[in-house]
Amino acid sequence: MKSKARLMQGNEACVEGAIAAGMRFFAGYPITPSTEIAEFSAEKLPLVGGRFIQMEDEIASMAAIIGASLAGVKSMTATSGPGFSLKQENIGYAALAEVPCVIVDVQRSGPSTGLPTSPAQGDIMQARWGTHGDHPIIALTPSSVRETFDLTIKAFNLSEKYRVPVILLMDEIIGHMRERVELPDISEIEIINRKKPAVSREEYLPYKADDDLIPPMACYGEGYRFHVTGLAHDETGFPTNNPAVADKLYRRIVDKIEFHKDEIVEWEEQNTDDADIIIISVGGVARAADTAMKQLREKGIKVGTYRPITVWPFPDKRLVELADRVKAFVVAEMNLGQMVLEVERIIKDKAKLIKVNKVNGEAIYPEEIMEKIEEVL
Amino acid sequence: MGKYEIRLSGSGGQGLITGGIILAEAAILDGKNAVQTQSYGPEARGGASKAEVIISTDKIDFPKVRDCDIFLSLTQKSFDQYGKNVKENGIIIVDESIDTRNENKVIYSLPIIDTAYNVLGKPMVLNIVALGVIAAITNVVSRNALEEAVLNRVPKGTEELNKKALEMGYSIGKNAIK
């Protein structure tokens, strides 16, 4: 049998994963280093009966995927930092109107136009708090081509399950890197679809949640009465200024993620059992952390790694446990210190915290992490 | 040896990123692991461009090349910019037009550009000639796998031309190590 192994780019794996998850609509405004996601979507969607559209800008493409999703079609857009900023207004709309959708941000060096072709991880906080107001969000960070495929599927599944916008937070290293992958058989992939109404059209209230805090979702055009707005709304979906109703709505959309946090969070740890020092990193930097860990272990230094796969919600419980028994955490990120704020909040002063930061458009090299660790030993 | 770090450098438009992709695909056909990365400026042509490939029998963690085992350079600018981090026993392959400034390493200075431009008369196959040279000198990928990888990537109707380019690259490389 011929091997299924092939060389694939991270951005291509994202599109493969999206299509496997059921994406049938992509709207975007191409931008480096995410452009290949639009290109592959344009090429592949028509072959599976899907639609691709290049919109006039990022805001419109975000609006387009919200509309398509409301009509029942799994939808995605892709961008980089500058476009991610523009999409934020409508990401907030999707969060409040509880419209499932996937937004890919392949991070590049910024702010503003920055270094367009260079990697960065400066959007970690933007992914969480880019749109205004208290809102739910999930953000996933792949660190290999295969994981990009898997997490794109997971992004769709989570967005469908919880009716929430999900950010696939990539970086230029993972987006543009090509590596050997073997994709799973389509039959092995778990696909989750949004919950449909179990009541008649007359009885349907589009924003009446079940016990799991998630309202079943009818599609536009199916005959259910369904009003969607960015204003605070009651269970019918129509606007209201009633403080009690608004309070209940805002708390519910945030709580629906908070209550299911244990099911949502995912992380990977290596060699943490005996580790004195644990490197925390995501995406492309996690690859440097792996090399640094292996090389330091060869020298007898007990290093482990902790890699959040859901950067939002942040996998905090396990980190609290680890903080009780390690000497130091090293947080390596291609920004001036964003994820480290979350780590600091979680570990308090239980362990020493060391920062490795880089914003010059180059990857963090294993040596830079190793030097920092050897300095503090 | 289990792991090769390879850097292909030149100017934008010489097809070196495609060359890196083909090399990585050949390694996968050989049953190995491979990662390919690149760095380029915002411009579409000119400037110094590099494609990096790591080929290994093991899992590859850090995907960028640090000190290379094999360094190819097709322009003076890229030689000066990217030629510094070559391992002590690394192999350097350059176009004959490059002044290697008496670099104290094993250097193969060969007519790669001349072969593509003047002998074959097709500048577009420059990258394929270079791949043939690299494979002949280093054996980093097998000849069969490389030919299959080239034919999988090149546009229809150019197969014979590319096969010829690969063959010429091979013979230049083979002669150089005689």
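**Entry 1. The sheet of chain A**

I began with the open sheet of chain A, which has 5 strands in the order β10-β12-β11-β14-β15 with mixed pairing. I noted the edge strands as β10 (267–270) and β15 (352–357) of chain A, each of which pairs on one side only. From one strand to the next, the twist averages 20 degrees. The model is a predicted one, in which local features need pLDDT of at least 70, side-chain atom pairs count only at pLDDT 80 or more, and totals for chains, interfaces and linings use all residues. Residues are numbered from 1 along each chain as its sequence is written, and chains are lettered from A and ligands numbered from 1 in the order in which they are written.

For the elements I used DSSP runs numbered from the N terminus: helices are H or I of at least four residues, and strands are E of at least two. Two strands pair if DSSP finds at least two bridges between them.

I then looked up one pair within the sheet: β11 (residues 277–280) and β14 (residues 328–333) of chain A pair in the parallel sense over 4 bridges. Here A:Ile277 stands opposite A:Ala328 of β14(A). I also recorded that α10(A) packs on this sheet and touches β10, β11, β12 (303–308) and β14 of chain A. The direction of α10(A) makes about 165 degrees with that of β12(A). Axes are lines fitted to C-alpha atoms, for helices over the stretch in contact, and angles run from 0 to 180 degrees between N-to-C directions.

**Entry 2. Helix α10 against helix α13**

I followed α10 (residues 283–298) of chain A to α13 (residues 366–376) of chain A; they pack at an angle of about 50 degrees, with their axes 8 Å apart. That angle makes α10(A) oblique to α13(A). The classes are: under 35 degrees roughly parallel, over 145 roughly antiparallel, 65 to 115 roughly perpendicular, and the rest oblique. The crossing of these two helices is right-handed. A crossing is right-handed if the near helix is turned clockwise from the far one by less than a right angle, and left-handed if anticlockwise.

I listed the contact residues, where contact requires C-beta atoms, placed from the backbone, within 7 Å. Helix α10(A) contributes A:Ala288, A:Ala289, A:Thr291, A:Ala292, A:Gln295 and A:Leu296, and α13(A) contributes A:Pro366, A:Ile369, A:Met370 and A:Ile373. By class, the contact of α10(A) with α13(A) has 8 nonpolar, 2 polar and no charged residues. Ala, Val, Leu, Ile, Met, Phe, Trp, Tyr, Cys and Pro count as nonpolar, Asp, Glu, Lys and Arg as charged, and the others, Gly among them, as polar.

**Entry 3. Helix α3 against helix α4**

I looked up a second helix pair: α3 (residues 58–70) and α4 (residues 81–97) of chain A pack at about 30 degrees, with axes 8 Å apart. That angle makes α3(A) roughly parallel to α4(A). Their crossing is right-handed. In the contact, A:Glu58, A:Ile59, A:Met62, A:Ala63 and A:Ile66 of α3(A) meet residues of α4(A) including A:Leu86, A:Lys87, A:Glu89 and A:Tyr93. I counted 8 nonpolar, 2 polar and 3 charged residues in the contact of α3(A) with α4(A).

**Entry 4. The domains of chain A**

The domain assignment, automatic or from a database, gives domain 1 (6–185) and domain 2 (268–376) of chain A. Their centres, taken over C-alpha atoms, are separated by 26 Å. I noted 23 residues from domain 1 and 20 residues from domain 2 in the contact. On the domain 1 side, the elements that give two or more residues are β6 (115–119), α5 (124–129), β7 (138–140), β8 (165–171) and α7 (172–176) of chain A. The largest share of that side, 4 residues, comes from α5(A). The same side divides into 15 nonpolar, 6 polar and 2 charged residues.

**Entry 5. Chain B against chain A**

I turned to the contact between the chains, which takes 18 residues from chain B and 18 residues from chain A. On the chain B side, α1 (16–29) and β2 (33–39) give two or more residues, and β2(B) gives the most, with 6 residues. That side has 9 nonpolar, 5 polar and 4 charged residues. Across the chains, 2 bridges join β9 (residues 178–181) of chain A to β2(B), and the strands run antiparallel. A:Glu179 stands opposite B:Val35 of β2(B).

**Entry 6. Backbone details**

I found the peptide bond from A:Gly110 to A:Pro111 to be cis, with omega near 10 degrees. A:Pro111 lies in the loop between β5 (101–109) and β6 of chain A. A:Ser112 is also found in the loop between β5 and β6, and has phi near 55 degrees, a positive value in a residue other than glycine. A cis peptide bond also joins A:Trp312 and A:Pro313, with omega about -10 degrees. A:Pro313 lies in the loop between β13 (310–312) and α11 (316–323) of chain A.

Conventions
Two residues are in contact if their C-beta atoms, placed from the backbone, lie within 7 Å.
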